[in-house]
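Subject: Structure handover and what turned up in it

Hello,

Here is the structure you asked for. Please open it alongside this note, and read on for what was found.

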Amino acid sequence: MALPGMKRILLKLSGEALMGPTPFGIDPATVASMAAEVKEAKDRGLEICLVIGGGNIFRGMAGAAKGMDRAQADYMGMLATVMNALAMQNALEQLGVQTRVQSAIEMDKVCEPVIRRRAERHLEKGRVVIFAAGVGAPYFTTDSGAALRAAEMKCDALLKGTSVDGVYNADPKQDPSAVRYDSLSYDRVLADNLKVMDASAVALCRDNNIPIVVFNIREAGNLARVLAGEGVATVVGGAA
């Protein structure tokens, strides 16, 4: 797996990645471990943006499935992402990494609003920028938020950290014969409904020529290895 030379990346983490061994919420030891991964990547000279989901606290679609108003549930999910962003900011700053949180829902007591030029300046000064609250509107996932911010910040790649080491033709946790892809086109992902990210996020990355790199974030040191072209991952990009 080879990746082009990169200067600026966006790392998308699921909220569930912050739970660690717990069934719900934020596990401080796990967040600290994730922060160490980000610091190791930053120490390579990369400018790093982060987007973290909120599924460890509240997932809007799950709330809607149980009878909640979808828009209201999605706003609650956005607030969950802000909590995760603040937790990650705390963990990164304990490691000496200057970090700023920008939220698409303004809450100036705890973080900045999303302002593209300010975010660019933070990155230029060596700070990590965590984008929270998705796109600030219901009916859009944090995958779509990650793709939007990656395009907005002109990132060289969008890295999606998951609990598996790439994209498979079936769920490898349920089907031991599932086959992992080394690379895929955007159109193949959409046509085969491979669930890398939601369709709007994949299409946005395709339209802006942003590679999507899917890898296992739970394996220590794996982010740095993937960035060096040594780790196991699936790269989504290019034509069919």
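Start at Asp171. A polar atom of the Asp171 side chain lies 2.9 Å from the backbone nitrogen of Lys173. Bear in mind throughout that this is a predicted model. Asp171 sits in the loop between β7 and β8 (180-181). Asp171 is partly exposed, at 37% relative accessibility.

**The listed binding site**

Asp171 also appears in a UniProt record. Under "binding site", an unreviewed entry lists Lys12, Leu13, Ser14, Gly15, Gly55, Arg59, Thr162, Tyr168 and Asp171. These residues span 160 residues of sequence and are spread in space too, with up to 24.3 Å between C-alpha atoms. From this set, Lys12, Ser14, Gly15, Gly55, Arg59, Thr162, Tyr168 and Asp171 belong to the lining of the largest pocket.

Leu13 is on the UniProt list as well. Is Leu13 buried or exposed? Leu13 counts as buried, with 1% relative accessibility. Leu13 lies in strand β1, which covers residues 8-13. Leaving aside residues up to four places away in sequence, Leu13 touches Leu50, Val51, Ile52, Gly53, Met88, Gly161 and Ile217.

**The largest pocket**

How much space lies in the largest pocket? About 1,100 Å³. The lining has 45 residues. Nearest the centre are Arg59, Asp143, Lys160, Lys195 and Val196. Of these, Arg59 is also on the UniProt binding-site list.

Several elements contribute to the lining. α2 (60-65), α3 (70-94), α5, β6, β7 (167-168) and α6 each supply at least two residues. Which of them gives the most? That is α3, with five residues.

**The annotated domain**

UniProt, again in an unreviewed entry, places the feature "domain: Aspartate/glutamate/uridylate kinase" at residues 7-216. Over residues 7-216 the chain is 39% helix and 20% strand. The end C-alpha atoms of this stretch are 21 Å apart.

**Helix α7 and Arg206**

Helix α7 runs over residues 199-207. The buried residues of α7 are Ala201, Val202, Ala203 and Cys205. What do these buried residues pack against? They pack against α5 (142-152), β6 (157-162), α6 (186-192) and β10 (212-216). Of these partners, α5, β6 and α6 also supply residues to the lining of the largest pocket. After α7 comes Asn209, which has a positive phi, near 55°.

Arg206 is found in α7 too. Arg206 is partly exposed, at 33% relative accessibility. The Arg206 side chain makes a polar contact of 3.3 Å with the side chain of Asp207. Beyond residues up to four places away in sequence, Arg206 touches Tyr186, Asp187 and Leu190. For a long-range distance, take Arg100: the C-alpha atoms of Arg206 and Arg100 are separated by 28 Å, and the two residues are 106 apart along the chain.

**Gln102 in β3**

Gln102 is found in strand β3, residues 99-103. Gln102 is buried, at 0% relative accessibility. Where does the side chain of Gln102 reach? To the backbone nitrogen of Ile115, at 3.2 Å. Gln102 has a long contact list, with residues up to four places away in sequence left out: Glu112, Pro113, Val114, Ile115, Arg118, Ala119, His122, Val129, Ile130, Phe131 and Ala132.

**Cysteines**

How many disulfides does the structure hold? Zero. A disulfide is a covalent bond between the sulfur atoms of two cysteines. The cut-off used here is a pair of cysteine sulfur atoms within 2.5 Å. Why does Cys49 have no such bond? The closest cysteine sulfur to that of Cys49 is in Cys155, and the 4.1 Å between them is too far for a bond. Looking from the other side, Cys155 stays unbonded because its closest cysteine sulfur, in Cys49, is at that 4.1 Å. Cys49 is buried, with 0% relative accessibility. Cys155 is buried as well, with a relative accessible area of 7%.

Best wishes

Key. Residues numbered from 1 in each chain as written. Predicted model: local features only at pLDDT ≥ 70, side-chain atom pairs only at ≥ 80, totals over all residues. Heavy atoms only, no water. Buried < 20%, exposed > 50% of the residue type's maximum accessible area, 1.4 Å probe, protein only. Helix = DSSP H or I, 4+ residues; strand = E, 2+ residues; numbered from the N terminus. Contact = heavy atoms within 4.5 Å. Polar contact = N/O pair within 3.5 Å; in protein donor to acceptor, adjacent residues only side chain to side chain. UniProt positions renumbered as here; feature names shortened; annotations may be inferred. 1 Å grid on protein atoms, 1.4 Å probe; cavity = no way out; pocket = protein on both sides within 12 Å on 5 of 7 lines; lining within 4 Å. Points joined across faces, edges and corners; volume = space filled by probe spheres on them.
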